[in-house]
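Colleague: Could you take me closely through the largest pocket of this model, and then set it beside the strands found elsewhere in the chain? I would like one connected account.

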Amino acid sequence: MGINQEDIKLDTEQEKGTVDPAAAAAACEKQAEEMENPGEASAGENAEAEALEESEVDKLKAEIAEKDDRILRQQAEFQNFRRRTQKEKEELGNVVKQDVLKSLLPIIDNFERALAAETVDAESLKKGVEMVHSQLMQTLQDKGLKAIETEGQKFDPTFHQAVMRIQNPELEDGTIAAELQRGYMVGDAVIRPSMVQVVAN
């Protein structure tokens, strides 16, 4: 237990020979109470510390609740964004499909006119089919369709699919000998590779 100021004062006065009996009695009484109840001072300090801890806990709980609420709001906003994006994507896809199909309608009209003709010789029929094919290809090219080149090209698995290998001494190994089915691209994306014969001497 520490020395308190009254004890020091009492000792000093005793040294000087001028002790106040009332002050001495009060100091002794206080000292006796502290010796009898040494835990009272520490109990008060403990209570104050516990109150401070509870305040900190309440503050942390409030911060956690606020962060949880913010996370829930962000999740809800993200879900709404995903639904909105999906809907816009579907709507855009429908617009693109409608545009492509609309551009094909004149070709269908030409096929129907050809089929409605009563007397058509083979040469006229062939010429009509060629015209419709040309119209169809032009329409698709306008939409971004592009045929993959194969004639005289080296085999490239990015653009070509080898379905046959043949020997041809006149051609270098890996050269495309013939195209069996035409491949197509849209922009830089291959939507169908060309099926080809490849030279393998």
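Modeller: Helix α4 gives the most to the lining of the largest pocket, with 6 residues. Please keep in mind throughout that this is a predicted model. The helices α3, residues 39-116, and α4, residues 122-142, each supply at least two residues of that lining. In total the largest pocket is lined by 11 residues, and those that lie nearest its centre are N110, A114, S124, G128 and V129. Sorted by class, the lining consists of 7 nonpolar, 3 polar and 1 charged residues, and the volume that the largest pocket encloses comes to about 160 Å³. As general background to such a value, rolling a probe the size of a water molecule over the atoms shows where empty space is left.

Helix α4 also holds T139, a residue that deserves a word of its own. T139 has a relative accessible area of 13%, and it therefore counts as buried, the cut-off for that class being under 20%. When its neighbours within four places in sequence are left aside, T139 is in contact with S103, L104 and I107; the stretch 39-116 assigned to α3 takes in these three positions.

Turning to the strands, three of them form an open sheet in the order β2-β6-β3, with mixed pairing. Its edge strands are β2, residues 160-166, and β3, residues 176-181, each of which pairs on one side only. From one strand to the next the twist averages 30 degrees. Within this sheet, β2 and β6, the latter covering residues 194-199, run in the parallel sense and are joined over 6 bridges, and A162 stands opposite V196 of β6. In general terms, strands of a sheet pair through backbone hydrogen bonds, either parallel or antiparallel.

The antiparallel sense is found between β4, residues 184-186, and β5, residues 189-192, which pair over 3 bridges. There M185 stands opposite V190 in β5. These two strands make a hairpin with 2 residues between them, and in the turn G187 has a positive phi of about 65 degrees.

To return to the part you asked about, the lining of the largest pocket draws on both α3 and α4, with α4 as the element that gives the most.

Note on methods
Residues are numbered from 1 along each chain as its sequence is written. This is a predicted model: local features need pLDDT of at least 70, side-chain atom pairs count only at pLDDT 80 or more; totals for chains, interfaces and linings use all residues. Side-chain values use heavy atoms; hydrogens and water are left out. Two strands pair if DSSP finds at least two bridges between them. Helices (H or I, at least four residues) and strands (E, at least two) are DSSP runs, numbered from the N terminus. Axes are lines fitted to C-alpha atoms, for helices over the stretch in contact, and angles run from 0 to 180 degrees between N-to-C directions. On a 1 Å grid over the protein atoms alone, a cavity is a set of points where a 1.4 Å probe fits but cannot get out, and a pocket is an open set with protein on both sides within 12 Å along at least five of seven lines; lining residues have an atom within 4 Å of a point. Grid points are joined across faces, edges and corners, and a volume is the space filled by probe spheres set on the points. Ala, Val, Leu, Ile, Met, Phe, Trp, Tyr, Cys and Pro count as nonpolar, Asp, Glu, Lys and Arg as charged, and the others, Gly among them, as polar. Buried means under 20% relative accessible area, exposed over 50%, partly exposed in between (1.4 Å probe, protein chains only). Contact means heavy atoms within 4.5 Å.
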